[in-house]
Every structure is written in C-alpha cells, then in structure tokens.
Amino acid sequence: MRVIIVKNYDSMSKLAAKFVKEELLKKPDLVLGLATGSTPLGLYKELIRMHKEEGLDFSKVTTFNLDEYIGLPKDHPESYHTFMWENLFKHININPSNIYIPDGTVEDIKAHCIWYEEKIAEKGGIDLQILGIGRDGHIGFNEPGSSLASRTRIKTLARETREDNARFFGGDINKVPKYAITMGIGTIIESRKLILLASGVNKRDAIKKTVEGPITAMVPASMIQIHPRAIVIIDQEAASLLEREYETWEG
Ligand code: PGA
C-alpha cells in the first residue's frame with residue numbers, strides 16, 4: 001500500500017486528479033469506479049477543470065459507481081444519481097450510455113446486483129476505483145461486519161453512517177434511507193488500481209485502523225492492505241494518528 005500524506009483537502013484532490021489523468025491518458029477507454037460523499041468533490045472539480053482547460057477527454061470512459069440508496073428515485077436531490085450528474089457528469093464529455101450507477105428503485109434488487117456485477121465484467125473490470133472512507137471504516141456502503149469477499153448486494157446502513165449523512169437530509173436521520181445497494185468488498189478489491197481518499201480529523205481513527213491495523217471485517221477498508229496497487233492519499237489531519245513514516249507530497 002502506498003500512503004501519501006498531503007497538506008490539506010485541496011492538495012488531496014489535486015493529487016488524486018493527477019493520478020486519474022495519468023491513467024486516462026494511458027487508456028482513453030478507462031473503466032473508472034466512482035464514489036460519492038464530500039471527499040471526492042474536490043477531485044471531481046479538478047477533473048472538470050482539466051476537461052475544460054486542458055481538454056481531458058472522457059468520451060470513451062465507462063464509470064461504475066460504488067453504491068446507491070434504496071428507495072430514492074433517481075431524480076431525488078440526495079440520490080447518488082443526482083450527486084454524480086450535478087457534481088461531475090453534466091460538466092464533462094462522458095457518454096451517458098457508459099455511466100453505471102446501481103438503481104435503488106428496482107423491484108428485483110438481487111437480479112439487479114447480479115446484472116451490475118456482470119456489466120463490470122463485460123467492460124473488462126474496473127481499472128481504477130476511487131474510494132472514500134466512513135468514520136466506521138466502511139468503503140462503499142460495506143459496513144463493519146461485511147464479508148471481505150462480498151459482491152454487489154443490499155446492505156443495512158450503520159447508525160453512524162446515517163448520522164453522518166443526515167446533514168444531507170435536513171439533519172433528520174429518519175429521512176436517511178436504511179438500506180443501500182453497494183459493490184462488495186470482493187468487487188472493489190478486484191479493481192486493478194485503488195485510490196482511497198480521506199481528509200479531516202473525523203477520519204483519523206478509521207485511517208489509523210485501515211493503514212496500521214490488522215485486516216478485519218470490522219474495518220472493511222483494511223482489506224485494501226491485500227491489494228497490490230492501492231494508493232491512500234490523506235491530508236495531515238486524517239494522518240494524525242499514524243505512527244510510521246510515509247511519503248509526502250507538497251503540491
Ligand atoms: P464523506 O463520506 O466523503 O462524505 O466523508 C465517505 C463515506 O461515507 O464513504
């Protein structure tokens with residue numbers, strides 16, 4: 001695992017965008033795994049800037065999102081469909097038919113999850129997966145206790161996660177859906193490259209356990225330790241409990 005400590009959120013976003021750009025220039029038909037939440041917003045802003053100012057081309061890119069709430073219509077303001085369109089897709093030249101996000105409104109969720117896994121395989125697998133991390137160590141919506149070999153499926157959200165996300169639902173935890181569809185840890189780990197991002201003191205415990213703790217289903221992100229090409233980009237606050245020496249980036 002390559003751990004890179006940067007100054008702040010802005011540098012984290014810029015460095016992550018630099019890696020995405022490098023991969024995209026090497027492989028214009030990149031299969032990109034995407035995350036939602038506050039963490040990747042700066043990365044998406046920087047990718048939009050690179051598209052507008054440097055002509056970074058997304059026309060051949062395919063994307064797969066990690067997760068989606070169950071029960072929210074696609075056009076709900078807090079659905080991850082809306083999030084992705086508002087914060088990235090509508091600003092770049094991606095082909096809408098190359099965008100995949102789990103659909104939390106389907107009747108047969110099980111069949112939908114199988115279809116999602118098949119689509120990932122059909123596109124040749126994910127080349128680069130972007131990950132955030134929950135305070136409880138989740139990746140995607142794989143909450144503590146998730147099987148480390150899990151595939152795309154329905155998960156019950158942890159109370160901590162619903163508390164954290166209540167800010168997007170007018171501060172009311174009861175409005176946060178209880179269930180989500182998420183790629184499994186097994187699905188995520190099969191990506192050829194992973195970039196996990198974290199910023200701020202709230203994430204320091206989760207990062208400490210992920211980077212320097214044992215691999216355990218109680219900290220799902222710790223599973224990235226077995227990945228041969230995982231990069232963890234964290235700011236100084238998120239890194240503040242780490243005890244070992246790591247690479248730094250001053251950009
Ligand atoms: P955040 O969420 O980026 O909004 O902190 C991360 C996550 O829950 O995975």
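**View 1. Aromatic pairs, and one that stacks.** By the ring rule, this predicted model has nine aromatic pairs (rings of Phe, Tyr and Trp, using its six-membered ring, with centres within 6.5 Å; planes under 30 degrees apart are stacked, over 60 edge-to-face, the rest tilted). Take tyrosine 80 and phenylalanine 141: their ring centres sit 6.1 Å apart and their planes meet at 15 degrees, so this pair is stacked. It's a link between distant parts of the chain, 61 residues apart: tyrosine 80 is in helix 3 (residues 80–87), while phenylalanine 141 is in the loop between strand 6 (128–131) and strand 7 (153–156). Helices (H or I, at least four residues) and strands (E, at least two) are DSSP runs, numbered from the N terminus. Both tyrosine 80 and phenylalanine 141 are buried (under 20% relative accessible area; exposed is over 50%, partly exposed in between, with a 1.4 Å probe and protein chains only).

**View 2. A tilted pair.** Tryptophan 115 and tyrosine 116 pair up at 6.4 Å centre to centre, with 45 degrees between the planes, so they count as tilted. Tryptophan 115 is partly exposed at 36% relative accessible area, whereas tyrosine 116 is buried at 1%. Ring pairs also join these two with Phe64 and Tyr100 in a cluster.

**View 3. Around threonine 62.** Threonine 62 lies in strand 3 (residues 62–65) and is buried, at 7% relative accessibility. Skipping neighbours within four places in sequence, threonine 62 is in contact (heavy atoms within 4.5 Å) with Leu30, Val31, Leu32, Asn98, Tyr100 and Lys123.

**Notes.** Residues are numbered from 1 along each chain as its sequence is written, and side-chain values use heavy atoms, leaving out hydrogens and water. In this predicted model, local features need pLDDT of at least 70 and side-chain atom pairs count only at pLDDT 80 or more, while totals for chains, interfaces and linings use all residues.
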